[in-house]
Amino acid sequence: MATPESVPQSFAEGLRIPRRRKILTNLLRGEHLTDLIHISTYPTIDPLKANLAGKRVLVVGPEAISQAMAMSYARAGASYIAIGAHCDLVPVTAQVKKAAQEAERKPPRVLSVNVDIKSPASIDNAAALIQASFGGIDILVMDSGALEEAKSAAESNLDRWWDSWTSNLRGPYLVARAFLPMMLKGGEKTIIFVASAATQCVHTHEMSAYGTSMLAQLRFAAFLAAEHGDEGLLPFCIHLGDVSTSMSAEMVKNEHDRSMFRPPSPMTIRSKRRA
């Protein structure tokens, strides 16, 4: 499994894409909707500038991205951080505490919870544990999903294709359903779904389950906003970019495909944009 160290650290401010070149193509493909592309954390979203003291955060997901996000919440001063995944969370718990210490923040209370997003009972048990431990949740981050084999629909494996829908839509639904009652009682009432730009395009071949399930997740977030927006709920779907994780590694078929998920250097990005 990838580690938080594989997620790019702060080393670049960003790169500008010429507004008059390929912008129409990018819009139609659902890519590069802004003229500034960042390859790492930048000053505006620096967690050290935030003050989340007193906030209760739950991050669900086993990947390096979710681990890095939990560490960022620790750097931002969140007082209560729960990490939910169906894997060994002892190392992650230690890293989260260390991140808070290095940021000179008050040590957060960190809770590791075994969560299987395919199991309603597992999720309900996690909700009960967090309710009893934290008294509720202010911010819920969903970063647990699946990516099927890179094959066309005609060549796909039935179970693996449908597993993408189970993980990318049913799982987030089950988690939101379990935690919404406590979230709507008060607090920040924020849900963040780590989605994908695949919701905006169909040019990425051989990913029909991932693309359609992520699009459904995006629409699910919109329904949550429509149903509970007047109660203060703020659901978001975000795209973090192409990051190398164990999930993306399962999708690629060869070394050439695998390179698209590596954190590229600024020069690499610049040359691609000017091509």
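D163 is partly exposed, with a relative accessible area of 23%; partly exposed here covers the range between buried, under 20% relative accessible area, and exposed, over 50%, with a 1.4 Å probe and protein chains only. This residue forms a salt bridge with K118, and the closest N and O atoms are 2.5 Å apart. By salt bridge I mean a side-chain nitrogen of Lys or Arg within 4 Å of a carboxyl oxygen of Asp or Glu. D163 lies in helix 5 and K118 in the loop between strand 5 (109-114) and helix 4, so the pair ties together parts that are 45 residues apart in sequence. K118 also counts as partly exposed, at 40% relative accessibility.

Before I continue, a word on the source. This is a predicted model, in which local features need pLDDT of at least 70 and side-chain atom pairs count only at pLDDT 80 or more, while totals for chains, interfaces and linings use all residues. Residues are numbered from 1 along each chain as its sequence is written, and side-chain values use heavy atoms, with hydrogens and water left out.

How many salt bridges does the structure hold? There are 4, and I will describe two others. The side chains of K55 and E188 meet at 2.8 Å, N to O. K55 sits in the loop between strand 2 (36-37) and strand 3 (56-60), and E188 in the loop between helix 5 (158-183) and strand 7 (190-194), so this salt bridge links parts 133 residues apart in sequence. Both ends are partly exposed: K55 has a relative accessible area of 22%, and E188 has 35%.

The salt bridge between R56 and D138 has its closest N and O atoms 3.0 Å apart. R56 belongs to strand 3 and D138 to the loop between helix 4 (120-134) and strand 6 (139-142), so the pair joins parts that are 82 residues apart in sequence. Are these two residues buried or exposed? Both R56 and D138 are buried.

Let me now turn to the overall fold. The protein has 9 helices and 8 strands; helices (H or I, at least four residues) and strands (E, at least two) are DSSP runs, numbered from the N terminus. Buried residues account for 43% of the 275 residues. Of the contacts between residues at least 6 apart in sequence, 73% join residues at least 24 apart, where contact means heavy atoms within 4.5 Å.

Strand 6 deserves attention. Strand 6 pairs with strand 3 in the parallel sense over 4 bridges; two strands pair if DSSP finds at least two bridges between them. V141 in strand 6 is the bridge partner of V59. Strand 6 also runs parallel to strand 7, and 4 bridges join the two, with I139 standing opposite T190. In a regular strand the side chains alternate between the two faces of the sheet. In strand 6 both faces are covered, since I139 and V141 on one side and L140 and M142 on the other are all buried.

Strand 6, helix 5 and strand 7 make a right-handed β-α-β unit. Right-handed means that, with the strands pointing away from the viewer, the path from the first strand over the helix to the second runs clockwise. Elsewhere, strand 4 (residues 80-85) and strand 5 run parallel and are joined by 6 bridges, and G84 has V113 as its bridge partner in strand 5. The chain passes from strand 4 through helix 3 (residues 90-102) to strand 5 in a right-handed β-α-β crossover.

Which residues touch the most other members of the largest nonpolar core? They are L58, I130, I137, L140, F179, I191 and L224, in a core of 30 residues. A nonpolar core is a set of buried Ala, Val, Leu, Ile, Met, Phe, Trp, Tyr and Cys residues joined through side-chain atoms within 4.5 Å. Helix 5 gives the most to this core, with 8 residues. I137, leaving aside its neighbours within four places in sequence, is in contact with residues including R56, L58, I130 and F179. A second, separate core of 24 residues includes V59, I81, V92 and V110.

I close with S133, which is found in helix 4. S133 is buried, with a relative accessible area of 18%. Apart from its neighbours within four places in sequence, S133 is in contact with R109 and L111.
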